[in-house]
Amino acid sequence: MSKPCTVAGSIARDGVYSRPVVMRRIGFGRFANDGEAPSLLVSALFAYPRELGLTLPWNERLHSSDDIFIGALWRSHGLHLDFAPSARPTHDSEHQFYGADKQAFHIYTNLFDALFANPDLGRALSYEFIGFAAGAKLYFRTSSDARRYITAWVRGHRDLIRDRHYLRALVSRELPGH
């Protein structure tokens, strides 16, 4: 049996439709070039076999960056991430918040990818230092945002350490039929 494939649709956020994303060493993504394998797909619409969802479930502890997490997990198992740009749900920007507080989930998922799912120590160190600096540039404009950013960064590391046994086991799971 060949490996299952995952497919995601595009999603509009603030009038701009998503495309496949490649993670940069600063811990934030860019749109993938034509023919380039994506690191993750951003969507509210994913299709994949039920057995895959049961074997490699989404991390329900994450309130954001779950697309980065599942992309890393799927890539760690060699799955093809396909994109269907004409499948277009709409993102509800009014009820989503992506501020300093959400950075705990962002560093958690980036380090999950670089330390457990697709190990690359250089990328992990890049996320730690360059990624922190990129976020600091955004959130150190006010002292309250700076405190929230640092607190979230620490919380993301603490939660990753707490979940390390689960995450290692998750990456080690065999795909259905293999």
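A nonpolar core is here a set of buried Ala, Val, Leu, Ile, Met, Phe, Trp, Tyr and Cys residues joined through side-chain atoms within 4.5 Å. I worked throughout on a predicted model.

**Entry 1. The core**

I looked up the largest nonpolar core and found that it holds 38 residues. I then asked which of its members touch the most other members. They are L56, F69, L73, W74, F112, L160 and L167. I listed the elements that give two or more residues to this core: β4 (21-23), α2 (66-76), α3 (103-117), α4 (121-139) and α5 (143-172). I noted that α3 supplies the largest share, namely eight residues.

**Entry 2. L167**

I next examined L167, one of the core members with the most contacts to other members. I set aside the neighbours within four places in sequence and asked which residues L167 is in contact with. I recorded N59, F69, Y108, F112, F116 and L160. Among these partners, F69, F112 and L160 are also on the list of members that touch the most others.

**Entry 3. S64**

I turned to S64 and located this residue in the loop between α1 (50-55) and α2. Is S64 buried or exposed? I read a relative accessibility of 8%; the limit for buried is under 20%, so S64 counts as buried. Beyond four places in sequence, I found S64 in contact with K102 and F105.

**Entry 4. Aromatic pairs**

I searched the whole structure for aromatic pairs and obtained 12. I inspected the pair of F132 and W153, which is edge-to-face, with 5.1 Å from centre to centre and 75° between the planes. I asked what this pair ties together. F132 belongs to helix α4 and W153 to helix α5, so the pair joins parts that lie 21 residues apart in sequence.

I also compared the accessibility of the two rings' residues with the cut-offs. F132 counts as partly exposed because its relative accessibility is 25%, a class that runs between the 20% and 50% limits. W153 is buried, since its relative accessible area is 10%.

I then inspected F140 and Y149, which form another edge-to-face pair, at 5.9 Å centre to centre and with 80° between the planes. F140 is partly exposed, with a relative accessible area of 40%, whereas Y149 counts as buried at 0% relative accessibility.

**Entry 5. The ring cluster**

Finally, I asked which residues the ring pairs link into a cluster with F132. I recorded Y139, F140, Y149 and W153 as the other members. Both pairs described in the previous entry therefore belong to this cluster.

Methods. Residues are numbered from 1 along each chain as its sequence is written. This is a predicted model: local features need pLDDT of at least 70, side-chain atom pairs count only at pLDDT 80 or more; totals for chains, interfaces and linings use all residues. Side-chain values use heavy atoms; hydrogens and water are left out. Buried means under 20% relative accessible area, exposed over 50%, partly exposed in between (1.4 Å probe, protein chains only). Helices (H or I, at least four residues) and strands (E, at least two) are DSSP runs, numbered from the N terminus. Contact means heavy atoms within 4.5 Å. Rings of Phe, Tyr and Trp (its six-membered ring) pair if their centres lie within 6.5 Å; planes under 30 degrees apart count as stacked, over 60 as edge-to-face and the rest as tilted.
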